[in-house]
Amino acid sequence: MYEALYLFLATGLVSMSAALSAGALNKLPEEQRPAFMQTPNGVVAVVMLGNLAALTLIGALAYGIRHMSWWIPLSCVFITFPVIHIVVIQRVLGDMKALLLMSPLVVASIVALWYFW
């Protein structure tokens, strides 16, 4: 059970952080967006990374519900992951750095969820 918990916590936190960072970047006004997002392709890349992270979060939630009690994954998705992202990750890294750091980890999370399912 602990392996499932560790995998869920790692993949869920990374996915939630990337999805929330992408959402925050998309909500910025045009003049406050990073230089990367000044082109239409940059905006599309951020949206696609956010969507990939959100789908990975759904996969992590399904994995957690399947391998653990249902209340553990739900409480983490609605309370723990957003709080950790807002209080720690967003303040330390900022949205753009958090998205760039978490994106490769989201891809690794997909592989880990696929392998250990």
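Which residues in H3 are buried? They are Ile72, Pro73, Cys76, Val77, Phe81, Pro82, His85 and Ile89. The model is a predicted one, and helix H3, residues 71-93, is a useful place to start reading it. The cover over the buried residues of H3 includes H1, H2 and H4. H3 also has a kink of about 45 degrees, centred on Val77. After H3 comes Gly94, with a positive phi near 85 degrees.

His85 shows what burial looks like for a single residue. His85 belongs to helix H3 and has a relative accessible area of 2%. Buried means under 20%, so His85 counts as buried. Leaving out residues up to four places away in sequence, His85 touches Ser17, Leu20, Ser21, Gln90 and Asp95.

The next element to consider is helix H2, which runs over residues 40-67. H2 has 28 residues, and the distance from its first C-alpha to its last is 41 Å. That is close to the 40 Å expected at 1.5 Å a residue. The buried residues of H2 are Gly42, Val46, Gly50, Ala53, Thr56, Leu57, Ala60, Leu61, Tyr63 and Gly64. Among the elements that cover them are H1, H3 and helix H4, residues 95-116.

Leu61, in helix H2, is one of the buried residues just listed. Not counting residues up to four places away in sequence, Leu61 touches Phe8, Pro73, Leu74 and Val77. Leu61 can also be compared with Met102: the two are 41 residues apart in sequence, and their C-alpha atoms are 18 Å apart in space.

Helix H1 covers residues 2-27 and contains Thr11. Is Thr11 buried or exposed? Thr11 is buried, because its relative accessible area is 2%. The side chain of Thr11 reaches the backbone oxygen of Leu7 at 2.8 Å. Setting aside neighbours within four places in sequence, Thr11 is in contact with Ala60, Ser109 and Leu113. Ala60 has already appeared among the buried residues of H2.

The helices can now be considered together through their nonpolar residues. The largest nonpolar core has 16 residues, of which Phe8, Met68, Val77 and Phe81 touch the most other members. H1, H2, H3 and H4 are the elements that give two or more residues to this core. H1 gives the most, with five residues. Phe8 has a long list of contacts even when residues up to four places away in sequence are not counted: Leu13, Ala60, Leu61, Tyr63, Gly64, Met68, Ile72, Pro73, Cys76, Val77 and Phe81. Apart from this core lies another, of 13 residues, including Val14, Ala22, Ala53 and Ile89.

Charged side chains come last. How many salt bridges does the structure hold? It holds one. In this salt bridge the side chains of Arg33 and Glu30 meet, at 3.4 Å from N to O. Arg33 is buried, with a relative accessible area of 14%, whereas Glu30 is partly exposed, with a relative accessible area of 48%.

Notes
Residues numbered from 1 in each chain as written. Predicted model: local features only at pLDDT ≥ 70, side-chain atom pairs only at ≥ 80, totals over all residues. Heavy atoms only, no water. Helix = DSSP H or I, 4+ residues; strand = E, 2+ residues; numbered from the N terminus. Buried < 20%, exposed > 50% of the residue type's maximum accessible area, 1.4 Å probe, protein only. Polar contact = N/O pair within 3.5 Å; in protein donor to acceptor, adjacent residues only side chain to side chain. Contact = heavy atoms within 4.5 Å. Expected span 1.5 Å × (residues − 1). Bend = angle between axes of the 7 residues up to and from the residue. Salt bridge = Lys/Arg side-chain N within 4 Å of Asp/Glu carboxyl O. Core = buried A, V, L, I, M, F, W, Y, C linked by side-chain atoms within 4.5 Å.
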